[in-house]
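I sat down with this one and a fresh page of the notebook. Here is what I looked up, in the order I looked.

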Amino acid sequence: MQDQALTLIVLGLLFFTGLAADRIGRRLRLPRVTLLLGFGLIVGRPGLDLLPAAISDLYPIVAVVALSAVAVLLGSTLSSANLRRHGRIVLIVSVAVVLVTQGVVTLGLWATGLPLALALVLGALATATDPAATYDVIDQSGYDNSFTRRLKGIVAVDDAWGLLAFSLSMLALRLVNDIGGEPDPLTLAVYELGGSVALGVAIGLPGAFLTGRFSDGEPLRIEALGLIFLTAGLSLLLDLSYLIAGMTTGAVIVNVARHHTRTFHEIRNFEWPFLIVFFVLAGASLDAEALTLAGTTGLAYALLRIIGRALGGWIGATLARAPKQERRYYGAAMLPQAGVAIGMALAAAEQLPEYATQITALAIGTTAAFELIGPLVTALSLSRQKAGQIDPDTESDTDRHSTERHSTDRRS
């Protein structure tokens, strides 16, 4: 009973910590994501190690639920209206960021003396983004303009391109090194991408049929929770990507359901408590020692990834003929990195055991750095872009005031 009491007390304190992080973040203009991660770093294993084991054990399932909710909301940005208006920029920028990031990191690390195989793996790891941190910074900012809508769309599809780039890199190494074993990485990528999309469609279609047929409040909230838990659980059971499946579910609902906004509003209403626990526990699980193990290679990787993201975002936005005042900010806004990169690193370490220690240490160390610093850069990018933008693509004054009021109410 004492263990249960302690778990409930700590969870209650974490919720109040999230409330404090939101208030402090708005007052100091700091991302609440960074504040929560920093708090987790202090009270978790890297710091004072104050969190009970029962709380730390919640991290895997809380992470899946929180990220699945974010994925569904990101999928909701892929409406047919948004795609007609922003689809060209979303597609070109997302592909350019992945390709340029992989190229810059791979060639740069190879030039510093790393073996080509290791450089190629690290280049693939650099393509991964943290959708939860990026989305939450946008949400906290209260900005809703053409840039933020395009950025949400780019983040929604970024990890899919990153997964494909990683799988192709692993396939190339398998062919060059003549590593046996079945199935090959490309087959796994096709299964994960195709299967995740198919699962999202299979859940999204009946979800779209149900949405709008329930009254506001508890019925819609239960439906939204059911969609998220079902998508996440089936994805794990079938070894699929719950991020891509959730994104597809959200995209199907927003394009098929007549009253789709009701469900997404309910998800926004309950996602933040899950995100509070997720970000604190993510910070508590960061391995500070991995930063020192990464060494100069980790520093070179971090610098090259920053260059690759910034250059890729600018090239893609230029090719897509995005407004000039937006072009420099896409890549910088996509610096946060989290669990997807760690998953890629573990898979790469299994295929290349001779580099396993370097890959995992560098991935964990640099992910910790990007998870703490990335949201700050994202927030700065949003602020700078907003300050220099005259946005012809904003909604009406009534819609904008409604959006801002909803965002303020949610944070309150």
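**Entry 1: the second largest cavity.** I began by sorting the lining of the second largest cavity by class and got three nonpolar, four polar and one charged residues. The model is a predicted one, which I keep in mind throughout. The residues around this cavity are T77, L78, N82, L83, H86, V90, R149 and G153. R149 is the charged one, since Arg counts as charged. For volume I noted about 40 Å³. Which elements each supply at least two residues of this lining? I found α5 and α8, and the largest share, four residues, belongs to α5.

**Entry 2: the largest cavity.** Next I asked how many cavities of 30 Å³ or more a search of the whole structure finds. The count came back as two, and the largest of them holds about 90 Å³ of space. I wrote down its lining as L67, V70, A71, L74, P131, V155, A156, D159, L243, I244 and M247. Helices α4 (59-75), α8 (146-177) and α11 (242-256) each give two or more residues to that lining. With four residues, α4 has the largest share. By class I have 10 nonpolar, no polar and one charged. D159 is the charged one, because Asp counts as charged.

**Entry 3: helix α7.** P131 from the lining of the largest cavity also sits in α7, among its buried residues, so I turned there. Why do I call α7 largely enclosed by the rest of the structure? Of the 11 residues in this helix (residues 131-141), 10 are buried, so the description fits. My list of the buried ones runs P131, A132, A133, T134, Y135, D136, V137, I138, D139 and Q140. Right after the helix comes G142, with a positive phi near 80°.

**Entry 4: T106.** I went back to α5 (residues 80-111) for a look at T106, which lies in that helix. Is T106 buried or exposed? Its relative accessible area is 7%, so I marked T106 as buried, the cut-off being under 20%. I followed its side chain to the backbone oxygen of Q102, at 2.7 Å. Leaving aside residues up to four places away in sequence, T106 touches L116, A119, L120 and G123.

**Entry 5: two positive phi values outside glycine.** I then checked for odd backbone angles. D239 has a positive phi of about 60°, though it is not a glycine. I located D239 in the loop between α10 (218-237) and α11. Its relative accessibility is 61%, so D239 counts as exposed. R321 is not a glycine either, and has a positive phi of about 60°. I placed R321 in the loop between α13 (289-319) and α14 (324-327). At 60% relative accessibility, R321 is exposed too.

**Entry 6: confidence.** Last, I looked at how far to trust the page. The mean pLDDT of the protein is 79, with 85% of its residues at 70 or more. Where does pLDDT stay under 50? I noted residues 391-412, for which the model has 31 contacts beyond four places in sequence. Coordinates predicted with low pLDDT should not be read in detail, so I leave the particulars of those contacts out of my notes.

Notes:
Residues are numbered from 1 along each chain as its sequence is written. Side-chain values use heavy atoms; hydrogens and water are left out. Buried means under 20% relative accessible area, exposed over 50%, partly exposed in between (1.4 Å probe, protein chains only). A polar contact is a pair of N or O atoms within 3.5 Å; within protein, one must be able to donate a hydrogen and the other to accept it, and residues adjacent in sequence count only if both atoms are side-chain atoms. Contact means heavy atoms within 4.5 Å. On a 1 Å grid over the protein atoms alone, a cavity is a set of points where a 1.4 Å probe fits but cannot get out, and a pocket is an open set with protein on both sides within 12 Å along at least five of seven lines; lining residues have an atom within 4 Å of a point. Grid points are joined across faces, edges and corners, and a volume is the space filled by probe spheres set on the points. pLDDT is the predictor's confidence in each residue, from 0 to 100.
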